[in-house]
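This report walks through a single model, beginning with one helix and its surroundings and ending with the chain as a whole.

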Amino acid sequence: MENRVSLVSKDITIHVLDIDAALTKEDVEKAIGHSLGNSRSHTVKVSSIRPSRDGNQIATVQVNKVAGNILIKLGKVKIGWVGCRVRERVEITRCFKCLEFGHRRHECKGADKSNLCLKCNQPGHKAKDCQGKDFCPACRDTGHPADSTKCPKFRELLKVQSASRRVSKEANTNHENQPHEE
Ligand SMILES: [Zn+2]
Ligand SMILES: [Zn+2]
Ligand SMILES: [Zn+2]
């Protein structure tokens, strides 16, 4: 029996770093398209571009799988005069029922905490009205709320996932894949 899965060309999201501050979305789109050889089998769409802490810009780019794999393998793409670093966006699965990481709601075997405050983890109010102390249910510890990128459990998972995605590409591994607040 043949169990064929239809191949949907799914988009993936990448981040392009080190973009010159003077360049626009269109410039970035064009440059990435150019570096891919302007082939029709590639789709490139810059969904947002924003200033980074180092005075350059970071673009969030939706590309189809073919284009994405090429760019991630290259590790860099020339935009303007600069070879800009390419990073695949790493997504950490988050369960909104038990508020822990690594699985989704429908796979959850944990307790239902979806009615609890995301900040202090107590019932009866929402995070925006919270007077309590930050408490993370994933760590079972105070100091940061449940939805924080500061959470050490979140950071650990991010590290593991970034590393496992880089196996095919040993070069350019000395740049940290920073979590981003979006
Ligand atoms: Zn869960
Ligand atoms: Zn609270
Ligand atoms: Zn935590």
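## Helix H1 and its surroundings

Glycine 37, which comes just after H1, takes a positive phi of about 85°; like every value in this report, that angle is computed from a predicted model.

The helix itself, H1, spans residues 25–35, and its buried residues are Val28, Ala31, Ile32 and Gly33. The buried residues of H1 pack against three strands, namely E1 (11–19), E2 (44–51) and E3 (57–64), and also against helix H2 (65–74) and strand E4 (76–79).

## The zinc site

Which protein atoms act as donors to the zinc ion (ligand 2)? They are SG of Cys117, SG of Cys120, NE2 of His125 and SG of Cys130, and these atoms lie 2.1 to 2.3 Å from the ion. Written as a sequence pattern, the spacing of the donor residues is C-x2-C-x4-H-x4-C.

The arrangement around the zinc ion (ligand 2) is tetrahedral because the angles subtended by the four donor atoms run from 103 to 114°, and the criterion for four donors requires all angles to lie between 85 and 135 degrees. For reference, the ideal angle for four tetrahedral donors is 109.5 degrees.

Two of the cysteine donors can also be described by their exposure: cysteine 117 has a relative accessible area of 1% and cysteine 120 one of 7%, so both count as buried, the cut-off being under 20%.

## Aromatic contacts

When the whole structure is searched, one aromatic pair is found. Its members are phenylalanine 101 and phenylalanine 154, whose rings are tilted, with 55° between the planes and 5.6 Å from centre to centre. Because phenylalanine 101 belongs to the loop between strand E5 (82–88) and strand E6 (135–136), while phenylalanine 154 belongs to helix H3 (residues 152–165), the pair ties together parts that are 53 residues apart in sequence. Phenylalanine 101 and phenylalanine 154 are both buried.

A further ring, that of phenylalanine 96, has the charged end of arginine 94 sitting over it, at 6.0 Å from the ring centre.

## The chain as a whole

The chain contains three helices and seven strands, which follow one another along the sequence in the pattern β-α-β-β-α-β-β-β-β-α. Among contacts in the chain with a separation of 6 or more, 52% are between residues 24 or more positions apart.

Of the 182 residues of the chain, 38% count as buried. The area that the chain exposes is about 12,000 Å², of which carbon and sulfur atoms supply 51%.

Key: Residues numbered from 1 in each chain as written. Chains lettered and ligands numbered in written order. Predicted model: local features only at pLDDT ≥ 70, side-chain atom pairs only at ≥ 80, totals over all residues. Heavy atoms only, no water. Phe/Tyr/Trp six-rings, centres within 6.5 Å; stacked < 30°, edge-to-face > 60°. Helix = DSSP H or I, 4+ residues; strand = E, 2+ residues; numbered from the N terminus. Buried < 20%, exposed > 50% of the residue type's maximum accessible area, 1.4 Å probe, protein only. Lys NZ or Arg CZ within 6 Å of the ring centre and 35° of its normal. Donors = N, O, S within 2.8 Å, 3.2 Å for Na, K, Ca; no water. Tetrahedral: all angles 85-135°; square planar, octahedral: opposite > 155°, others 65-115°. Contact = heavy atoms within 4.5 Å. Areas by Shrake-Rupley, 256 points an atom, 1.4 Å probe, with all protein chains shown as cover.
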